[in-house]
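Me: Please take a close look at the site around the ligand. I would like one connected account of what surrounds it.

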Amino acid sequence: EKGGHEYFMLKEIEEQPEALANTLRGHFQSGRIVLDEQRMSDQDLRDVDKVFVVACGSAYHSGLVAKYAIEHWTRLPVEVELASEFRYRDPVLDRDTLVVAVSQSGETADTLEAVRHAREQKARVLAVCNTNGAQIPRESDAVLYTHAGPEIGVASTKAFLAQVAANYLVGLALAQARGTKYPDEVAREFAELEAMPSAVSQVLATVDQVRELGRRMADSRAVLFLGRHVGFPVALEGALKLKELAYMHAEGFAAGELKHGPIALIEDGLPVVVVMPSPKGRAVLHAKMVSNISEIQARGARTIVIAEEGDERVRPFADELVEVPAVPTLLQPLVSTVPLQVLAAEIARARGYDVDKPRNLAKSVTVE
Ligand code: F6R
């Protein structure tokens, strides 16, 4: 049942191309993005003037990733909130607010309560969920199912990637409804998403290299993760995976924040995983990241760099280099997250921990 793998998580990591393909399938029909269950009118979708993404843990990170794309495509303000914070604040919501509730299980207590709170305030709720007929989609105005298949490993991998893809579909559906993207542009973005399963398959070819690297990092006391733009939530997700699986102190930072505090943590030999933007995509981001890496390397950090293949400028600053294929900037998280999942799983395994069942954690958090 583990498909020849030692643990479910590795099998699920390898199922990611399929999870992405299945999640996208059927959502572009007759030149239009379609959702699954839309119990709200097209007009309601057009009237949306603000988006909140509410979720917990990795699902929250999927929302942070999607914010970049949704704002860019729709020109709508998008706020991404931890469900446990959202529900106890007094968020400003009305009937033109779209609340996107992202949950693999569809049963997470805080996310469910956030949905209820949003609906009481007359906001529309769209659920992104991996579990058919779960409570969150049942209580929502629209649903988009991720088709990652059952995820056994407690740490989310394929469900996370599928959530990112589904959130992007929500962004495209909104852009289409609002007319902020022409139909041919929506079609092009969808086609780029459809190319992602094969890009992720290419990343999976680096699994052995990353596992070997993980074994060499198993004695580290702490690991930092740095990213910028869409690479920032990827850094947060990489750190979360390492915390929950390897019980190691791990923290993700926005690279631009280094000088505002975190650089004080850099000491000799500290591993820092850096998620590089594409050198071709946003040249400014790339140049800034190269300068950030040179600064931390000069202070003794051991840099582990996830970069686009052929990125020659970053090479001199990479003590370890993991290459991922070139993809459009907004879609990079779908490739750059994968090595971080493998890294965390392998470090945990090398430390002798049960990768599928990390201590103190439950797959579905139905109590607060
Ligand atoms: C991390 C992880 C958790 C979940 C979180 C939300 O690897 O799996 O952080 O992402 O508990 O769960 P769902 O998506 O079921 O609401």
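Reply: What follows describes the ligand site, then one residue beside it.

This is a predicted model, in which local features need pLDDT of at least 70 and side-chain atom pairs count only at pLDDT 80 or more, while totals for chains, interfaces and linings use all residues. Residues are numbered from 1 along each chain as its sequence is written, and side-chain values use heavy atoms, with hydrogens and water left out.

Around the ligand there are 14 residues, of which Ser 103, Gln 104, Ser 105, Thr 108 and Glu 244 come nearest (near: a heavy atom within 4 Å). By class, the shell has 4 nonpolar, 8 polar and 2 charged residues (nonpolar: Ala, Val, Leu, Ile, Met, Phe, Trp, Tyr, Cys and Pro; charged: Asp, Glu, Lys and Arg; polar: the others, Gly among them). Helices α4 (57–74) and α12 (231–246) each supply at least two shell residues, and α4 gives the most, with 3 residues (helices are DSSP runs of H or I, at least four residues; strands are runs of E, at least two; both are numbered from the N terminus).

An oxygen atom of the ligand is 2.6 Å from a side-chain N or O atom of Ser 103. For Gln 104, a polar backbone atom is 2.6 Å from a ligand oxygen; for Val 154, the corresponding distance to a polar backbone atom is 3.3 Å. The protein covers 89% of the 410 Å² of accessible area that the ligand has on its own (Shrake-Rupley method, 1.4 Å probe; for residues, only the protein chains shown count as cover).

Thr 108 is found in the loop between β6 (97–103) and α6 (109–120). Thr 108 counts as buried because its relative accessibility is 14% (buried: under 20%; exposed: over 50%; partly exposed: in between; 1.4 Å probe, protein chains only). The side chains of Thr 108 and Ser 105 are joined by a polar contact of 3.4 Å (a pair of N or O atoms within 3.5 Å; within protein, one must be able to donate a hydrogen and the other to accept it, and residues adjacent in sequence count only if both atoms are side-chain atoms).
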